[in-house]
Each structure stands twice: as structure tokens, then as C-alpha cells.
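User: I am new to this structure and would like a close look at a single part of it, with enough of the surroundings to find my way. Please take me through one helix with care.

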Amino acid sequence: LKDIKIIVAAHKKYDMPDNNLYLPVFVGADGKEDISGYKRDDTGSNISIKNPNFCELTGLYWAWKNVDADYIGLVHYRRHFKGKKCKSKEIKNRVESVLGNKQLEELLNEVDVVLPKKRNYIVENLYDHYGHTTYIEPLDEAGKIIDERYPEYKKEFENLKKRRSAHMFNMLIMKKELLDEYCKWLFDILFELEKRLDISGYSDYDARVFGFVSERLLDIWIKTNKLTYINIPVEFMEKQNWLVKGTKFLERKIGIHG
């Protein structure tokens with residue numbers, strides 16, 4: 001059996017899979033009371049205090065620095081990789097039917113990385129979509145950092161202006177050795193970006209900037225390194241209100257970011 005740990009990033013108590021494959025982690029735990037049964041992302045080497053700006057990446061960083069396993073993954077309390085038998089719409093059954101050990105082991109024997117099914121953006125490319133949902137300057141600055149420090153990744157960064165699909169949510173599962181390489185690359189870029197940005201005037205939404213940028217960087221790293229991957233559907237633990245989501249997107253698109 002493979003030694004696999006998938007951390008479940010959460011900021012509150014929630015239904016968790018009854019499977020030791022999954023490790024609930026309280027992200028943004030710095031200065032807050034414990035959540036019973038959850039690990040905290042402010043222990044060991046951590047960036048917990050950065051959670052308002054780095055989102056679930058504080059959990060990824062904590063896992064990278066503190067979890068001892070051959071394979072490490074990241075999912076969310078409301079978003080999991082869907083198992084083959086996931087049919088029920090009941091919350092409890094959804095949790096019970098997320099990706100399990102046997103199926104995951106089979107997948108990891110075939111590919112380097114397990115990723116969520118791509119999201120398609122029909123109306124516009126990834127670069128334009130980003131600029132219509134939040135400030136574009138951080139993404140542009142990330143491109144400059146890549147050009148300066150990792151020029152071999154520049155081509156795929158430029159392809160953001162052509163591509164219309166991406167693996168979102170910062171969800172992934174891969175070997176620890178690969179995660180080491182990815183996190184060294186990712187956090188080097190993001191910490192340098194943090195130094196260069198002034199986000200003091202950003203709203204709470206826009207201040208999640210480093211989480212947003214990283215979602216666009218994952219595929220750049222995957223493609224440049226020519227890694228094999230498989231797309232797994234995402235199971236949402238709560239009913240999605242697509243009307244509300246669509247309305248908020250349109251408000252941002254025609255608002256200050258238009």
C-alpha cells in the first residue's frame with residue numbers, strides 16, 4: 001500500500017471522509033481556538049498568518065514542511081475528488097463516496113499527478129478572465145518574476161493568453177518528491193510577489209491574490225515539466241448556486257476590474 005496523505009483544508013468544523021487517507025487541517029489557525037480532531041496549520045514550519053491572502057496554500061505549505069508521507073494531496077472541506085460510486089445528492093453520502101484508497105492507488109500507478117477536471121472558459125482566455133475577476137497587476141508581476149527567475153516557464157505563462165481551460169482550486173495529489181519541487185518553485189514566486197505588491201487597498205476578496213495567482217501557475221508548472229496527469233471530477237459538498245456565482249462574476253467584470 002502506498003503511504004498517502006490528503007489534507008483537507010478547512011476553517012470550520014465540517015463532515016470529513018471516514019478514511020485515514022484524509023487529514024483535516026485547520027487553515028488560518030493562527031490565534032484561533034482549536035477545532036477538535038483537526039491539525040492546525042500554525043504548528044511546525046508554517047505561514048498560517050498569511051491565510052487571508054494565501055487561502056488554502058497555507059495548508060499546502062504546512063503539509064509540504066510537516067507531513068511525512070510518500071504522496072501528499074490537497075482538497076477542500078467543500079470540494080473533493082469524486083469517487084467512482086459518487087451518485088447520491090445527500091451530503092453524508094457525498095462524503096462517503098469521495099476518492100478512496102484503492103482507486104487512488106490505481107491512478108497514481110498510471111500518472112504523476114491527480115488533478116481536478118478542468119474548468120472551461122468559453123467566452124475569454126485565462127488571462128482576460130483573471131483580469132475581469134480581480135486586479136490583473138499581480139498576475140503580470142508574477143510573469144515578470146518567472147521571466148527573471150525561471151525563464152524556461154515563460155512560454156507557458158504567455159499561453160495564458162491563448163488557453164481557455166485550467167485546473168483550478170489548487171487541488172492536487174502527487175509524490176512527495178514532486179511536491180517538494182513544485183512548492184519550492186511556487187512559494188519562491190509568491191513570496192517575491194508578496195514583496196512587490198501593495199494590497200493595502202484591496203477588498204477582502206481581492207486580497208486573496210496569492211491563492212488566485214497560484215491557480216494559474218499550477219498548469220504552467222505541469223506543462224513545462226511534461227508531467228502526466230489525470231482529470232478527476234470534483235464533488236461539491238454543498239449545492240452550488242450558479243445564479244449567484246454568475247451574478248457576482250458579472251458584477252466584478254463590469255465593476256472596478258472591467
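**A close look at one helix**

Analyst: The protein holds 10 helices and 11 strands, and the model shown here is a predicted one. Of its 258 residues, 53% are buried, and among the contacts with a separation of 6 or more, 72% join residues 24 or more positions apart. The helix chosen here is α4, which covers residues 101-108.

Within α4, the buried residues are Gln-103, Leu-104, Glu-105, Leu-107 and Leu-108. An α-helix has 3.6 residues a turn, so residues three or four places apart point the same way. The buried residues of α4 pack against five strands, namely β1 (4-10), β4 (71-76), β6 (113-116), β9 (172-175) and β10 (229-232).

One of these partners, β4, leads to a contrasting spot, for the loop between α2 (57-66) and β4 contains Asp-68. Asp-68 counts as exposed because its relative accessibility is 75%, and the cut-off for that label is over 50%. Together with Asp-3, Asp-70, Glu-177 and Glu-181, Asp-68 forms a negative surface patch.

For a second example of a buried helix residue, one can turn to Phe-212 in α9, a helix that spans residues 209-224. Phe-212 is buried because its relative accessible area is 10%, where the limit is under 20%. Leaving aside residues up to four places away in sequence, Phe-212 touches Tyr-130, Thr-134, Tyr-205 and Asp-206. Between Phe-212 and Leu-139 the C-alpha to C-alpha distance is 8.9 Å, although 73 residues separate them in sequence.

Technical notes. Residues numbered from 1 in each chain as written. Predicted model: local features only at pLDDT ≥ 70, side-chain atom pairs only at ≥ 80, totals over all residues. Heavy atoms only, no water. Buried < 20%, exposed > 50% of the residue type's maximum accessible area, 1.4 Å probe, protein only. Helix = DSSP H or I, 4+ residues; strand = E, 2+ residues; numbered from the N terminus. Contact = heavy atoms within 4.5 Å. Patch = residues over 30% accessible without salt bridge, like charges linked within 9 Å, V, L, I, M, F, W, Y side chains within 5 Å. Areas by Shrake-Rupley, 256 points an atom, 1.4 Å probe, with all protein chains shown as cover. Salt bridge = Lys/Arg side-chain N within 4 Å of Asp/Glu carboxyl O. Lys, Arg positive; Asp, Glu negative; His and termini not counted. Charge placed at Lys NZ, Arg CZ, Asp CG, Glu CD.
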